[in-house]
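Colleague: I am new to this structure and would like a close look at one single part of it. Please take me through a pocket, and then show me what lies beyond it.

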Amino acid sequence: KDIFKEAVLMQMTWVGAPTVYYGDEAGVVGWTDPDNRRTYPWGREDKELIDFHKKAIKARKKYTVLKEGSLIFLVADTGIVSYSRFGNGSMAVLIFNNNDDEREISVPVWKCEAEEEMVFEVVLTTGKNTEENFYKVHDGNINIKIRERCGVLLYYGN
């Protein structure tokens, strides 16, 4: 479920219009034909997934930079990816750790024009929370400890 939430966070912060296929938000499963889609689980929906979808969609609607901002990759390593959506004085930094263990990551936010001492707020995490609610830029980087199979949305701006 944690990995699925990472995918939802990436989908809601990526360039273009995100699409949720009927039932994904409720945990409907299926693979290949003839089991490619099961019926909606009325009364047995995965409330945690529905709640997470709502939060991710709300963030996309609230932070215009997630719909209109430029995109730049910040980190790409085994099981780790980070990118930024930025423009018009706002920045969103997304960090994903798809590994089975916690990692400390130094994210070079200078690449998306972040300045020294800017403070980014944690808007949304996919699973177990990070240890902080705010991260300050030091030497052009945000240093973050991110738990296993977790995604984080950080935001700075209006």
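Modeller: Gladly! A pocket, as the word is used here, is an open set of grid points with protein on both sides within 12 Å along at least five of seven lines. Its volume is the space filled by probe spheres set on those points. Please keep in mind that we are looking at a predicted model.

With that settled, the largest pocket has a volume of about 170 Å³. You can find its walls by picking out K62, Y63, T64, V65, E68, G69, F86, G87, N88, S90, Y155 and N158, which line the pocket. Sorted by class, this lining is made of six polar, four nonpolar and two charged residues. Two elements, helix 3 (65-68) and strand 2, each supply at least two of the lining residues.

Let us start from N88, one of the residues in that lining. N88 sits in the loop between strand 2 and strand 3 (90-97). Is N88 buried or exposed? N88 counts as exposed because its relative accessibility is 77%, and the cut-off for that word is over 50%. The backbone of N88 also deserves a glance: its phi is near 50°, a positive value in a residue that is not glycine. That is worth pausing on because most residues other than glycine have a negative phi. E113 offers a second example, with a positive phi near 70°. E113 is found in the loop between strand 4 (103-107) and strand 5 (119-125). At 58% relative accessibility, E113 is exposed.

Now step back into strand 2, which spans residues 80-87 and holds S84. S84 is buried, with a relative accessible area of 0%. What does the side chain of S84 find there? A polar atom of this side chain lies 3.0 Å from the backbone oxygen of A92. Leaving aside residues up to four places away in sequence, S84 touches S70, L71, I72, L74, A92, V93 and C112.

From here we can move on to the charged side chains. Side chains of opposite charge can pair when their charged atoms come close. In this model the count of such salt bridges is 10. One of them joins E48 and K1, with N and O 3.3 Å apart. E48 belongs to helix 2 (residues 47-62), while K1 comes in the segment before helix 1 (2-13), and the two are 47 residues apart. Both partners are partly exposed, E48 at 40% relative accessible area and K1 at 47%.

E48 has another partner, K5, and in this salt bridge the closest N and O atoms are 2.5 Å apart. Because E48 lies in helix 2 and K5 in helix 1, the pair ties together parts that are 43 residues apart in sequence. K5 is buried, with a relative accessible area of 7%.

One more pair to look up is D101 and R103, whose side chains form a salt bridge at 3.1 Å, N to O. D101 is partly exposed at 36% relative accessible area, and R103 is partly exposed at 30%. Shared partners also join K1, K5, D46 and E48 into one network of salt bridges.

Technical notes
Residues are numbered from 1 along each chain as its sequence is written. This is a predicted model: local features need pLDDT of at least 70, side-chain atom pairs count only at pLDDT 80 or more; totals for chains, interfaces and linings use all residues. Side-chain values use heavy atoms; hydrogens and water are left out. A salt bridge is a side-chain nitrogen of Lys or Arg within 4 Å of a carboxyl oxygen of Asp or Glu. Helices (H or I, at least four residues) and strands (E, at least two) are DSSP runs, numbered from the N terminus. Buried means under 20% relative accessible area, exposed over 50%, partly exposed in between (1.4 Å probe, protein chains only). A polar contact is a pair of N or O atoms within 3.5 Å; within protein, one must be able to donate a hydrogen and the other to accept it, and residues adjacent in sequence count only if both atoms are side-chain atoms. Contact means heavy atoms within 4.5 Å. On a 1 Å grid over the protein atoms alone, a cavity is a set of points where a 1.4 Å probe fits but cannot get out, and a pocket is an open set with protein on both sides within 12 Å along at least five of seven lines; lining residues have an atom within 4 Å of a point. Ala, Val, Leu, Ile, Met, Phe, Trp, Tyr, Cys and Pro count as nonpolar, Asp, Glu, Lys and Arg as charged, and the others, Gly among them, as polar.
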